[in-house]
Amino acid sequence: MIDLHCHTTNSDGTWTVEELLKKAQEINLEVLSITDHDSVKSYFEIQKNKELQNIFKGNIIDGVELNCVFDGIKIEALAYDFDLDKVNNWLDEYYTPEKNRNGLIEEFNDLVDICKKQGIKIEKDLKYNPYTEYPVDVIYYSIIKFEENKKFFTEEQWTSKSVFFRTCTVDKSFPLYRDFSKQMPTLEFLSEFIHKCGGKIFLAHLYKYKLNNHIEYLDNIIEKKLIDGIEVYHSSFTKEQIQTLEQYCKNNKLLMSGGSDCHGERKKERKLGIGYGNLNINKKILANWHIKSIFQF
């Protein structure tokens, strides 16, 4: 059993690196990749701490989940098996605390302006704290306080913050759609960059994006030869979705990846290694990766 998609406190997970490694060892994972959002700090923590190095007995492949945009739609890419120093240096330069903070404030202000233009009611004195909150979350919770806003959204968008967020960043016809390309890199850039760093790049959790046609969107990415593979196995996927992506990878000679997308106690029902209970990804999917090196201490 392997897990190539999970998060620590170095991004939006609730477990420290130590806690995650202990859990990985407890469930006897064979291969682990920590894929924090826009951060590879976990690997440097392990490198500097011998106690951490002795916790997990399986293999570790370096990884990261990167926010990006393709065709005006915000998605995530998973990168693996790259030059850690090069990727870390770029992340430190690109995602400075000041730039992140300013980007979040700009996102919040854009969403407020969109609400005004669309006639969607929110609180007049709505405040936003970029240190502790996500802009879409603040806007969503303000919107649902006003019953008259319900006419703008589907029942699923109204009752689920997660659906609201994914629609806001993907569906160009959504009342609060926002183009994130001014805030984060394109998939085209990341593909070139990760390959220059010797790594592989995968599209993360395709079916989480609220797209009209997932395969058509994927076809457009493949046509431009931007990814090496697809995250075929994910906690949120149905059996049919997994089978579709397995066949797609075989037809297009793409690598396969997969993981629980575990965030520790946040979404704690999504467990490391097994997702919602039966994920259990086989390490055979790594056979064609031609991994240059397992993470060495």
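Is His290 buried or exposed? Select this residue first: His290 counts as exposed, at 64% relative accessibility, because the cut-off for exposed is over 50%. His290 lies in the segment after strand E8. The model on the screen is a predicted one, and every stop below should be read in that light.

**Stop 1. Backbone angles**

Remain at His290 and display the backbone. Its phi is near 50°, a positive value in a residue other than glycine. Most residues other than glycine have a negative phi.

Next select Lys253, in the loop between helix H11 and strand E8 (255-259). Here too phi is positive in a residue other than glycine, with a value near 55°. Lys253 has 80% relative accessibility and therefore counts as exposed.

For a glycine, move to Gly198, just after helix H9, where phi is positive at about 80°.

**Stop 2. Helix H9**

From Gly198, step back to H9 and select residues 187-196. Which residues of H9 are buried? They are Leu187, Leu190, Ser191, Phe193 and Ile194. The elements that cover these buried residues include E4, E5, H4, E6 and H10.

Ser191 merits a selection of its own. Its relative accessible area is 4%, and Ser191 is therefore buried, the cut-off being under 20%. Beyond the residues up to four places away in sequence, Ser191 touches Ile201, Lys225 and Leu226.

**Stop 3. Helix H4 against helix H9**

Keep H9 displayed and add helix H4, residues 84-94. Two packed helices are described by the angle between their axes and the distance between the axes. For H4 and H9 the angle is about 145°, and the axes are 9 Å apart. To show the contact, select Lys86, Val87 and Trp90 on H4, together with Phe189, Leu190, Phe193, Ile194 and Lys196 on H9. Colouring this selection by residue type gives 6 nonpolar residues, 2 charged residues and no polar ones.

**Stop 4. Helix H10**

Proceed to helix H10, residues 214-223. His214, Tyr217, Leu218, Ile221 and Ile222 are the ones to pick out, as they are buried. Turn the view to look down the axis of H10: the buried residues fall within an arc of 140°, so they line one face of the helix. Then show what they pack against: strand E4 (63-70), strand E5 (73-80), H9, strand E6 (200-203), strand E7 (229-234) and helix H11 (239-252).

**Stop 5. The second largest pocket**

Which helix gives the largest share of the lining of the second largest pocket? That helix is H10, with 3 residues. To display the whole lining, select Asp71, Ile73, Val170, Asp171, Lys172, Lys210, Leu211, Asn212, Asn213, Glu216, Tyr217 and Asn220. Tyr217 thus appears in this lining as well as among the buried residues of H10. By residue type, the lining holds 5 charged, 4 nonpolar and 3 polar residues. The space in the pocket comes to about 210 Å³.

**Stop 6. Helix H8**

Select helix H8, residues 161-168. Val163, Phe164, Arg166, Thr167 and Cys168 are buried there. The buried residues of H8 pack against E5, helix H5 (97-118), helix H6 (135-143) and helix H7 (155-159). Strand E5 is therefore a useful element to leave on display, since the buried residues of H10 pack against E5, as do those of H8.

**Stop 7. The loop between E1 and H1**

The last stop is the loop between strand E1 (2-3) and helix H1 (17-26), where Thr16 is located. Asn10 is found in this loop as well.

Begin with Asn10, which is partly exposed, with a relative accessible area of 24%. Leaving out residues up to four places away in sequence, Asn10 touches Val17, Asp36, Ser39, Lys41, Ser42 and Glu45. A C-alpha to C-alpha distance drawn from Asn10 to Ile34 reads 10.0 Å, for two residues 24 apart in sequence.

Then move to Thr16, which counts as partly exposed at 33% relative accessibility. Apart from its neighbours within four places in sequence, Thr16 is in contact with Thr8 and Thr9. How many residues apart in sequence are Thr16 and His263? They are 247 residues apart, yet their C-alpha atoms are 10 Å apart in space.

Conventions
Residues are numbered from 1 along each chain as its sequence is written. This is a predicted model: local features need pLDDT of at least 70, side-chain atom pairs count only at pLDDT 80 or more; totals for chains, interfaces and linings use all residues. Side-chain values use heavy atoms; hydrogens and water are left out. On a 1 Å grid over the protein atoms alone, a cavity is a set of points where a 1.4 Å probe fits but cannot get out, and a pocket is an open set with protein on both sides within 12 Å along at least five of seven lines; lining residues have an atom within 4 Å of a point. Grid points are joined across faces, edges and corners, and a volume is the space filled by probe spheres set on the points. Helices (H or I, at least four residues) and strands (E, at least two) are DSSP runs, numbered from the N terminus. Ala, Val, Leu, Ile, Met, Phe, Trp, Tyr, Cys and Pro count as nonpolar, Asp, Glu, Lys and Arg as charged, and the others, Gly among them, as polar. Buried means under 20% relative accessible area, exposed over 50%, partly exposed in between (1.4 Å probe, protein chains only). Contact means heavy atoms within 4.5 Å. Axes are lines fitted to C-alpha atoms, for helices over the stretch in contact, and angles run from 0 to 180 degrees between N-to-C directions. The arc is that of the directions from the helix axis to the C-beta atoms.
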